[in-house]
Structures are given as C-alpha cells and as structure tokens.
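Q: I am new to this structure and would like a close look at a single part of it. Please describe that part and how it sits within the whole.

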Amino acid sequence: RGRESISVPAGHFDTWIVDIAATDQSAWIAVAPPHQLVRYENRKTGILSELAEYTEGTAGSAGE
C-alpha cells in the first residue's frame, strides 16, 4: 500500500504498509533488515499490536 515512518514503543521505523488480501488486516514491516513486524492492525476485531522492544542482533537467522 505504500511507505510510512511510524513511532512505536520500540522506536521510530521506516516501514512498508501491507494490506493482507481479503481481510481487514494490515501490517507495517520495517524497511531495514531484519524487516521486523512493527505494527499489526485487525480492523474487524479492533486489535492493534506494536513492537515494544527490539535488541539488534537478537533475530534468528533464516536457517534456524
């Protein structure tokens, strides 16, 4: 859907906004690696989740 800079409890992130097909859900994914899920919104249920904490270097590798 586009890009947006957002602030969440874990900090400020440049994100891609992705609408999840055939749902009332959206996800904000960090542009910079490791591409964390920064925010998730389900408009049908009213759920809004935001990344609260992230420590660089703690993400698992794709091979794990």
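A: The residue chosen for this close look is T15, which lies in strand β2, spanning residues 11-20. The model is a predicted one. T15 has a relative accessible area of 0%, and because buried means under 20%, T15 counts as buried. The side chain of T15 comes to 2.7 Å from the backbone oxygen of E4. E4 also appears among the residues that T15 touches once those up to four places away in sequence are set aside; the others are G2, R3, I6, W28, I29, A30, V31 and V38.

A second residue helps to place T15 in its surroundings. Q36 belongs to the loop that runs between β3 (25-30) and β4 (37-42). The relative accessibility of Q36 is 12%, so this loop residue is buried. With residues up to four places away in sequence left out, Q36 touches F13, W28, I29, A30, L51 and Y54. W28, I29 and A30 are also among the residues that T15 touches.

The wider setting is a chain of five strands and zero helices, which reads β-β-β-β-β along the sequence. The chain has 64 residues, of which 25% are buried. Of the contacts in the chain with a separation of 6 or more, 21% join residues 24 or more positions apart. The accessible surface of the chain is about 4,400 Å², and carbon and sulfur atoms account for 53% of that surface.

How values were computed. Residues are numbered from 1 along each chain as its sequence is written. This is a predicted model: local features need pLDDT of at least 70, side-chain atom pairs count only at pLDDT 80 or more; totals for chains, interfaces and linings use all residues. Side-chain values use heavy atoms; hydrogens and water are left out. Helices (H or I, at least four residues) and strands (E, at least two) are DSSP runs, numbered from the N terminus. Buried means under 20% relative accessible area, exposed over 50%, partly exposed in between (1.4 Å probe, protein chains only). Contact means heavy atoms within 4.5 Å. Accessible areas come from the Shrake-Rupley method with a 1.4 Å probe; for residues, only the protein chains shown count as cover. A polar contact is a pair of N or O atoms within 3.5 Å; within protein, one must be able to donate a hydrogen and the other to accept it, and residues adjacent in sequence count only if both atoms are side-chain atoms.
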